[in-house]
Amino acid sequence: MKIVLIVCDGMGDRSTKALNGLTPLQAANAPTFNRIASLGECGIMDVISPGQPPGSDTAHLAIFGYDPYTQYSGRGAYEALGAGIELRPGDVAFRCNFATVNNEDIVIDRRAGRITSDEAKILADALKDIKLEDVEPIFVSTTEHRGVLVLRGERLSRMVSDIDVHEVGVKIGKPKPLEDSKEAERTSKILEEFVSKARKILENHPLNKERIAKGLLPANAVLPRGAGTLPNVKPISELWDIRAAAIAGGALYKGVAKALGFDIINVPGATGTVNTNLKGKVDYAINALKTYDLVFLHIKATDTVSHDKNPVKKKEVIEWISSGITPLLDFVEAQDYYLVLTADHTTPSEVGEHRGDPVPVAIVGPNVRKDWTERFDEISCARGGLCRIRGADLIRILMNYLGKVPLFGE
Ligand code: ZN
Ligand code: ZN
């Protein structure tokens, strides 16, 4: 018995004016999604708890059966793992942006004039020269202006404030300890030292002088945020005695899965964007089901177009995904495996930000209590047999189908 868990990021939505009062899922012509609803047991899911807008990181922790309130240890660690850094216990990791600041250290552009991945890599290499007392800094650029910083050493803490405050026109601040501990105080000082040394190296870097000469904004600062450490949790494989694999484009999703003990399957052309290689991801997922008991397939595009406030495009992306996953549903049906379709949170495409509304969920597989739901959308699924569940319940419900949940009592 095997399970494929498909999570379309931010796919949940609300009734939308641009779609005549329908949600993008309701408005979409998505026959495979509707086939999943017709074959399956449907419901809606409060991923964290009713009304709580989840981040993608805490949402995935919950969906994988972990308690986000006690087992979340900051986003930076997931980004670092997703970028391929072998994090160690004690390391503190940050997400970073290359940014443009003026002579008064006021942020002009948080994306450094949309610097390319190749340019960012050259600048990241220059930052390797930074030496800090007792602590080894590891800096890696990921895509475009984004990167990851890891501080490796003794007595470090993730309880330090962000330097990137997500705003332009403000002065880059000093990191502050977020708790009264020597470790947090020490980490703030070390982070401040890294940022100031990076500032000097970048200001004088030939690549930035070239950019200025071309009339482009220089990438003359690194702004860290989202300090995180490896979560101290049992891997999902041990918790449920299963083999688990993850297929995703975005670094964050690979990182969360890796931190929880999933094997990561890299698919060529899986970018975590609307231009991702969906066919490749689906082919690899089918193949992975030969080896693994649980295959997690993440698709980011639904969230991206929601942040862009584009409900019509979201409807089209849903239609594209529905059509793209058809071979996977065919395979699962033929093999009598389980398939789950859901989202990690609602991102209303008129709002453009995550919200706490529940998401639809459907489970297809041998002997599931097929209900009367015929369409996969927020409203139809609300009448289904699963009713309204919490994100943290999902894995137990699935493991119950696999016969993996021990009896309680006698
Ligand atoms: Zn998300
Ligand atoms: Zn999002």
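**A two-domain chain, from the sheet outwards**

Let's start with one residue: Val7, whose bridge partner in strand 10 is His298. This is a predicted model, so keep that in mind as you click around. Strand 1 covers residues 3–8 and strand 10 covers residues 294–299, and the two run parallel, paired over 6 bridges. As a reminder, strands in a sheet pair through backbone hydrogen bonds, in either a parallel or an antiparallel sense.

Now zoom out from that pair. Strands 10 and 1 sit side by side in an open sheet of 8 strands, whose order reads 9-8-10-1-11-12-2-13. The pairing across this sheet is mixed. At the edges you'll find strand 9 (263–264) and strand 13 (387–390), each paired on one side only.

Next, look for what lies across the sheet. Helix 16, made of residues 391–401, lies across strands 1, 2, 10, 11, 12 and 13. Against strand 13, the helix runs at about 105 degrees.

How is the chain divided into domains? Domain 1 takes in 3–70 plus 233–401, while domain 2 spans 80–228. Their C-alpha centres are 33 Å apart, and the contact uses 5 residues from domain 1 and 4 residues from domain 2.

What about the area between them? Interface size is often quoted as the accessible area lost when the parts come together. Here, domain 1 and domain 2 bury about 350 Å² between them, with carbon and sulfur atoms giving 65% of that. On the domain 1 side, Ala251, Gly255 and Lys258 supply 81% of the area buried against domain 2, more than any other three residues.

Lys258 deserves a second look. The rule finds 1 salt bridge across the interface of the two domains, and Lys258 forms a salt bridge with Glu86, with the closest N and O atoms 3.3 Å apart. The count of salt bridges comes to 29 by this rule. Lys258 belongs to helix 10 (residues 251–259), and Glu86 sits in the loop between helix 5 (76–82) and strand 3 (92–101), so to speak a link between distant parts of the chain, 172 residues apart. Across the interface there is also 1 residue pair in polar contact, with both residues at pLDDT 80 or more.

How values were computed. Residues numbered from 1 in each chain as written. Chains lettered and ligands numbered in written order. Predicted model: local features only at pLDDT ≥ 70, side-chain atom pairs only at ≥ 80, totals over all residues. Heavy atoms only, no water. Pairing = 2+ DSSP bridges. Helix = DSSP H or I, 4+ residues; strand = E, 2+ residues; numbered from the N terminus. Contact = heavy atoms within 4.5 Å. Axes fitted to C-alpha atoms, helices over the stretch in contact; angles between N-to-C directions. Domains from an automatic or database assignment. Buried area = accessible area lost by both parts, 1.4 Å probe. Salt bridge = Lys/Arg side-chain N within 4 Å of Asp/Glu carboxyl O. Polar contact = N/O pair within 3.5 Å; in protein donor to acceptor, adjacent residues only side chain to side chain.
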